[in-house]
Amino acid sequence: MSVKRLRGLLLVPPALMLGGCNLVLLHPAGDVARQQSDLMIASVILMALIIVPVLIAVGVIAWRYRASNESAEYDPEWDHSTQLELVVWAAPLLIIIVLGAMTWIGTHQLDPYRSLTRIHAGRPVAADTRPLEVEVVSLNWKWLFFYPQYGIATVNELAAPVDMPIHFNLTSTETMNSFFIPSLAGQVYSMPGMQTVLNAVINKPGDFDGFSSNYSGHGFTDMRFRFHGMSPQDFSQWVARVRADGTDLDTPAFDRLNQPSRAEPVHYYARFDADLYHRILNQCVDPGQMCMDKMMAMDAHSDPAAPGNSADDAMSGDSSMTAPAHDAATH
């Protein structure tokens, strides 16, 4: 068997394995993910400008100066070449400068907290555009999505109109997770008692995978959902279907939903308590719990040196519990 034929056969298994891959990161449907993909590809190309020539040079030198090649020039007195030094140091330095500048600019332009300035290349966001607000809560092991502008909520299903900016606020109930829709934008962490932000837009209709990319326990592998990019008309119909088929998401219903479960089916909620996301974020869902924002406000407006004026005293359950509220009001 010839070497050329053997080489072709060795390439068959990798080709078959790669043929089943969906290279979504290289062909995303959202403008933010597209810019991230372009930055990643440009970075790889710049780094390859150094790596590839070095690898080629290693092979050429090893072949040219092999022991059996008696015609190769042998110069034991050679120790320096100004031209070679310039190539070895100037070219990598120039590439590092360009790569650093490109990465710094791209990182700031694609900051997930930064409001979108464009829908896609050549189409800026109109000044009067109001983004779609979505509040995201990661639970064990499912995703809860609030649509405060429409008064609906869903579990393990997310939808948005094509070419409409989306503003996500994210938090978690117990465990840190990572919200990731590869076709839409990069991953963003969700953490208990904290809120993170993601701004993105989907430019093509379709159904896309969403999941948690941060391990969060034995139900982690089932923590997946579908993201639907829709036309405005289809999105309106989807909202109407959620309202028609959904139930109420009040505090008792959320407490049941918050119980750990795997492979949770899609749920629709036609109504939810208006402040539920705020209470989840501030860890005061159940009655009698003090919200963290209130606790921090009390600490900020009270005298730390005065007994009974700290949030720790307020949560201790003793007779000084009502003192911070009184002091906060008088201040």
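Here is a chat between a visitor and a guide about the structure above.

Visitor: What kind of model is this?
Guide: This is a predicted model, where local features need pLDDT of at least 70, side-chain atom pairs count only at pLDDT 80 or more, and totals for chains, interfaces and linings use all residues. Residues are numbered from 1 along each chain as its sequence is written, and side-chain values use heavy atoms, with hydrogens and water left out.

Visitor: Why is D79 called exposed?
Guide: Exposed means over 50% relative accessible area, buried means under 20%, and partly exposed is in between (1.4 Å probe, protein chains only). D79 has 68%, so it counts as exposed. You'll find D79 in the loop between α3 (31–64) and α4 (82–109). Those helix names come from DSSP runs numbered from the N terminus: H or I of at least four residues for a helix, E of at least two for a strand.

Visitor: What makes E73, D75, E77 and D79 a negative patch?
Guide: Asp and Glu count as negative, and Lys and Arg as positive, while His and the chain ends are not counted. A patch takes residues with over 30% relative accessible area and no salt bridge, joining like charges within 9 Å and nonpolar side chains (Val, Leu, Ile, Met, Phe, Trp, Tyr) within 5 Å. The place of a charge is CG of Asp, CD of Glu, NZ of Lys or CZ of Arg. E73, D75, E77 and D79 form such a negative patch on the surface.

Visitor: And what is I41 doing in a surface patch?
Guide: I41 sits in helix α3. Its relative accessible area is 35%, so I41 is partly exposed. It belongs to a nonpolar surface patch of about 980 Å², whose members include L23, M40, V44 and L55. That area comes from the Shrake-Rupley method with a 1.4 Å probe; for residues, only the protein chains shown count as cover.

Visitor: How do you know that R123 and D163 make a salt bridge?
Guide: The term asks for a side-chain nitrogen of Lys or Arg within 4 Å of a carboxyl oxygen of Asp or Glu. R123 and D163 have 3.2 Å from N to O, and their side chains do meet in a salt bridge. The pair links distant parts of the chain, 40 residues apart: R123 is in strand β2 (residues 123–124) and D163 in the loop between β6 and β7. R123 has 38% relative accessibility, so R123 counts as partly exposed.

Visitor: Why does the salt bridge of D209 and R226 tie parts together?
Guide: The closest N and O atoms of D209 and R226 are 2.2 Å apart. D209 lies in strand β11 (residues 206–212) and R226 in strand β12 (residues 224–230), so the pair ties together parts 17 residues apart in sequence.

Visitor: What makes D163 stand out in its backbone?
Guide: Most residues other than glycine have a negative phi, and most peptide bonds are trans. D163 isn't a glycine, yet its phi is positive, near 65°. A263 also isn't a glycine, and its phi is positive at about 50°. As for peptide bonds, the one from N140 to W141 is cis, with omega near -5°.

Visitor: Which residues are called a transmembrane region, and how do you know?
Guide: That label comes from an unreviewed UniProt entry, which gives it to residues 39–65 and 86–106. UniProt positions are in the numbering used here, feature names are shortened, and annotations may be inferred rather than shown by experiment. In the model, residues 39–65 are 96% helix and 0% strand, while residues 86–106 are 100% helix and 0% strand.
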